[in-house]
Amino acid sequence: MSQASEKSVIISGVGSYTPSKILTNDDLSKIVETSDEWIRTRTGIRERRIAGENETTSDMASAAASEAIKNAGLKPSDIELIIVGTVTPDMRFPNTACFIQRKLGIGKVPAFDVEAACSGFLYTVEIARSLMLTSGYKHALVIGAEKLSKITNWEDRTTCVLFGDGAGAVVLSLVDEPRVGILQSLMGADGNESDILCVPENEQSGTAAVEKIERALHKIHMQGNQVFKIAVRVMCQSAVDILEKANISAEDISLVIPHQANNRIIEALSQRLGIGMDRFKINLDRYGNTSAASIPIALDEAYRNGRIKSGDTILMVAFGGGLTWAAMVIKWQ
Ligand SMILES: CC(C)(COP(=O)(O)OP(=O)(O)OC[C@H]1O[C@@H](n2cnc3c(N)ncnc32)[C@H](O)[C@@H]1OP(=O)(O)O)[C@@H](O)C(=O)NCCC(=O)NCCS
């Protein structure tokens, strides 16, 4: 990332949307053999939101985006670029960004999706930032949105307790000021570990449709233990690397907004960085893991609860299927 630019990209608006239907741990214990106590102690999750049957990823994303555009003091017609991080697009194609463009009445601007699982939002912000600095787009709409309930195997207690639905959005704006907004960013991936967290459906192209359904190949498959270990290692390393790259010490970080997957992963990150949990934004107890939506939902909540002030330095770190990871340091305007 160039440090020489006289321009910066800032977050000028935030918004989020979560469906009204709440699924508690007790509700889940009626569907699979589990308990509130097990889920809470292993993950920190108490409940998650589930989208309505006909509520799509682009519906949730449009609601979040509409809030973000309003919060930025802009109109849909001001948006010059739309990028959506999601693994649960409304359709295989067209992309979800195009549906959002239509729903919000945004002009005929570039619109596309990025698939980087739970790292999807940070990947998407970095792609938008780079395009803004090189091509001059003034305002970009960047969204993380997921309807994970449609790819969750509701018969598998090892995964179905973890995930939820929702959307978070930001408006990014190009400003004539150096070293504000997004200060530093990193992204990485390791395809060697792609099998431990995936929806394997397409890989088994020779498999009959009925067998795909029987083996739930169209749903999330995960080796939880393996994912957990790598998540801790990669989240910690990404955070350490980005602070070093940005030449910022852990004490200078006002708030950490981590991907909301598991409280124990976040506690490990807190210990590794020497940043107390009081400086972490956590809402996974109420939403579970919403993949690409998790960081922008948490960001919006932190902003609306007054936990983010002008001048604050914020660290965001994510990890997800792929395996992918990403981190970002932001100076809030
Ligand atoms: C999924 C996760 C919570 C499981 O916790 P864990 O401590 O690793 O638990 P294990 O997988 O070792 O399972 C321990 C036992 O609990 C059982 N178990 C699994 N899910 C359960 C549930 N929902 N309720 C009750 N028991 C459960 C297992 O069957 C196992 O029983 P056994 O010892 O009789 O075989 C944990 O591995 C995790 O969070 N991994 C990361 C997942 C993640 O974040 N994915 C998204 C990344 S973006």
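User: Welcome me in with one residue: which residues does serine 29 touch, not counting residues up to four places away in sequence?

Analyst: Happy to! This is a predicted model, in which local features need pLDDT of at least 70, side-chain atom pairs count only at pLDDT 80 or more, and totals for chains, interfaces and linings use all residues. Residues are numbered from 1 along each chain as its sequence is written. Two residues are in contact if their C-beta atoms, placed from the backbone, lie within 7 Å. Leaving out residues up to four places away in sequence, serine 29 touches Thr34, Ser35 and Asp36.

User: Is serine 29 buried, partly exposed or exposed?

Analyst: A residue is buried if 20 or more other C-beta atoms lie within 10 Å of its own, exposed if 12 or fewer, and partly exposed in between. Serine 29 has 17 C-beta neighbours inside 10 Å, so it counts as partly exposed.

User: Where is serine 29 placed among the helices?

Analyst: Helices are DSSP runs (H or I, at least four residues) and strands are E runs of at least two, numbered from the N terminus. Serine 29 sits in the loop between helix 1 (25-28) and helix 2 (36-43).

User: Which helix supplies the largest share of the shell around the ligand?

Analyst: The ligand is surrounded by 20 residues, and the closest are Thr34, Arg157, Gly224, Phe228 and Ala261; a residue is near the ligand if its C-beta atom, placed from the backbone, lies within 6 Å of it. Helix 2, helix 6 (157-160), helix 8 and strand 12 (313-320) each supply at least two residues of this shell. The largest share, five residues, comes from helix 8.

User: Where does the shell around the ligand lie with respect to the domains?

Analyst: The protein is divided into domain 1 (8-178) and domain 2 (182-331), with bounds from an automatic or database domain assignment. Both domains give residues to the shell around the ligand, so the shell lies between domain 1 and domain 2.

User: Which residues have the most contacts inside the largest nonpolar core?

Analyst: A nonpolar core is a set of buried Ala, Val, Leu, Ile, Met, Phe, Trp, Tyr and Cys residues joined through C-beta atoms within 7 Å. The largest has 103 residues, and those with the most contacts inside it are Ala64, Leu141 and Ile143.

User: Which helix gives the most to this core?

Analyst: Domain 1 and domain 2 both give residues to this core, so the core lies between them. With eight residues, the top contributor is helix 8 (residues 224-246).
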